[in-house]
Amino acid sequence: MLTIEPRFERAAVVAAIARIHAAQQASRAAVGATSAAERIEKIRGLRDAMFVHRQEIREALWNDYQKPPAEVDLSEIYPVVGEANHAIRYLRRWARPQRVRTPLALFGSRSRILHEPKGVVLIISPWNFPWNLSLGPLVSAIAAGNCAILKPSELTPHTSACLKRVLAGLFDESEVAVIEGDAAVAQELLSLRFDHIFFTGSPAVGTIVMKAAAEHLTSVTLELGGKSPVIVDRSANLDEAARKIAWGKFLNCGQICIAPDYLLVDEEVRDVFLEKLRAAIAPQTGVMVSERHAQRMRALIDDAVKRGAGVVLGGGSNGRIVEPTILQNPDLQSAVMQEEIFGPILPVISYRTLDDALAVIAAREKPLVLYLFARNRRVIRDVIRNTSAGGTVINDTLVHFFQTYLPFGGVGRSGMGRAHGFFGYESFSNIRAVLDQPTRFSALQWMYPPYGRFKRKLIDWTLRWF
Ligand code: NAD
């Protein structure tokens with residue numbers, strides 16, 4: 001059992017959790033009964049609060065790990081504003097009962113699908129986009145009519161405190177509350193019964209969360225990570241590919257779940273491409289979230305170099321700063337090609353045939369996202385057909401996160417369930433099936449026992465024709 005760090009006084013935290021959980025249980029019915037219009041008002045309030053507190057949010061993220069204000073705007077605030085605007089626009093439509101067709105055997109009945117709130121939900125978020133990955137899911141949870149407890153990461157304490165302040169100004173804790181704390185606090189929460197758990201973080205902790213959820217048969221959405229490959233085919237526009245990969249890999253110091261993890265490049269264009277990539281990499285921005293995380297990067301580089309990888313760029317580090325680093329031809333068994341990197345190191349592997357590249361991908365867990373730079377449509381088709389991934393982007397990196405009309409999530413060890421837009425709304429909803437049968441007549445009654453000759457014939461017919 002983990003112990004709660006002293007700064008999160010155990011007794012106080014446990015008491016707060018019990019109080020808030022009970023208060024939310026008491027208010028779930030009232031919160032769940034709200035109309036689409038009322039939920040839209042709440043989401044609008046949340047969106048507007050982000051503009052009011054924009055400076056405060058930027059400062060919190062700067063204090064946590066020197067995230068540049070422009071990146072806070074673009075990668076923390078903007079995705080939540082986008083998610084909120086999307087829900088504001090479509091929630092009435094999502095909330096409408098959805099009529100479905102009726103098979104012939106049930107002739108006379110009418111059926112519809114309702115989305116009802118799950119109840120009280122728990123959202124556990126990581127440090128790498130502490131604002132975005134806490135409030136994005138919260139927008140979906142509110143849209144679906146739930147009460148929610150948020151547990152942001154202990155590694156970004158300024159942002160967690162800011163989240164708590166801003167949300168406390170908008171919601172009573174019996175509806176939305178933030179509990180600050182570490183892994184032990186998360187476990188305290190996980191021991192309680194929730195109606196859904198939305199977890200974003202590592203596959204290792206995802207396993208712990210899912211085990212805890214199983215105790216209560218609670219449904220989960222797991223937004224995890226892994227090694228997302230990027231393929232550069234010889235038909236790619238190499239200048240564009242270099243710029244986009246450099247941006248997607250080294251933004252936030254590589255600490256992005258959907259960052260390209262490693263690069264597979266056609267050997268015919270490798271040298272030209274690497275030159276362009278080096279030129280496209282901007283000077284260092286941001287730092288690793290902690291000394292420990294920077295130390296892990298140093299160990300990954302050392303291990304790869306020891307096993308024969310060449311350092312094409314960077315390789316140096318100082319405290320929490322790690323230079324953008326390109327490693328050429330690392331051993332496929334080295335740690336940098338086995339673990340999710342989650343930092344500014346890009347291993348580059350050249351391939352002779354597309355099949356060779358696909359074999360490297362197939363030997364690893366199914367990724368959260370697969371990136372492909374190519375203009376040859378046949379290559380694009382073959383890559384999609386012969387791989388599996390949570391998402392796929394052709395000729396760009398990261399941008400699918402902003403595509404609120406697409407589901408976002410992983411497959412296998414990169415996650416389960418979906419976030420964003422309608423799909424996020426669905427994750428936080430119980431999808432209820434309602435079949436409305438006329439009171440006088442039902443075709444199936446003809447087949448109730450006892451089974452005489454005529455009924456057996458009818459059943460036979462039904463099997464064959466309806
Ligand atoms: P993490 O799994 O260490 O922590 C995530 C959250 O879980 C934090 O709030 C933490 O307090 C809590 N936690 C940690 N240990 C716990 C335990 N033993 N029991 C219960 N709760 C515990 O992840 P992280 O280091 O904050 O984030 C990095 C990981 O998150 C990477 O693997 C990355 O790919 C993944 N990630 C995925 C997405 C996505 O959308 N799929 C987004 C961002 C990050």
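This tour of a predicted model goes through one strand and its partners, then a few salt bridges.

**Strand β14.** Select residues 345-351, which make up strand β14. Of its 7 residues, 6 are buried, so the strand is mostly covered under the cut-off of 20% relative accessible area. Next, add residues 262-266, strand β9, which runs parallel to β14 and is joined to it by 4 bridges. Within this pairing, look for Leu264, whose bridge partner in β14 is Ile349. Then add strand β13, residues 325-328; this strand also runs parallel to β14, with 4 bridges joining them. Here Thr325 stands opposite Ile345 of β14.

**Salt bridges.** The model has a count of 28 salt bridges. Begin with Glu56 and Arg165, whose closest N and O atoms are 3.0 Å apart. Glu56 belongs to helix α3 (residues 54-65) and Arg165 to helix α6 (residues 157-168), so this pair ties together parts 109 residues apart in sequence. Glu56 is partly exposed, at 27% relative accessible area.

Move to Asp239 and Lys276, a salt bridge with its closest N and O atoms 3.1 Å apart. Asp239 is in helix α9 (residues 238-250) and Lys276 in helix α10 (residues 270-280), so the pair ties together parts that are 37 residues apart in sequence. Asp239 is partly exposed at 39% relative accessibility, and Lys276 is partly exposed at 28%.

Now select Arg352 and Glu267, which form a salt bridge with the closest N and O atoms 3.3 Å apart. Arg352 sits in the loop between β14 and α12, and Glu267 in the loop between β9 and α10. Arg352 is exposed, at 61%, while Glu267 is partly exposed, at 40%.

Finish with Arg54, Arg58 and Asp73, joined into one network by salt bridges that share partners.

Technical notes. Residues are numbered from 1 along each chain as its sequence is written. This is a predicted model: local features need pLDDT of at least 70, side-chain atom pairs count only at pLDDT 80 or more; totals for chains, interfaces and linings use all residues. Side-chain values use heavy atoms; hydrogens and water are left out. Buried means under 20% relative accessible area, exposed over 50%, partly exposed in between (1.4 Å probe, protein chains only). Helices (H or I, at least four residues) and strands (E, at least two) are DSSP runs, numbered from the N terminus. Two strands pair if DSSP finds at least two bridges between them. A salt bridge is a side-chain nitrogen of Lys or Arg within 4 Å of a carboxyl oxygen of Asp or Glu.
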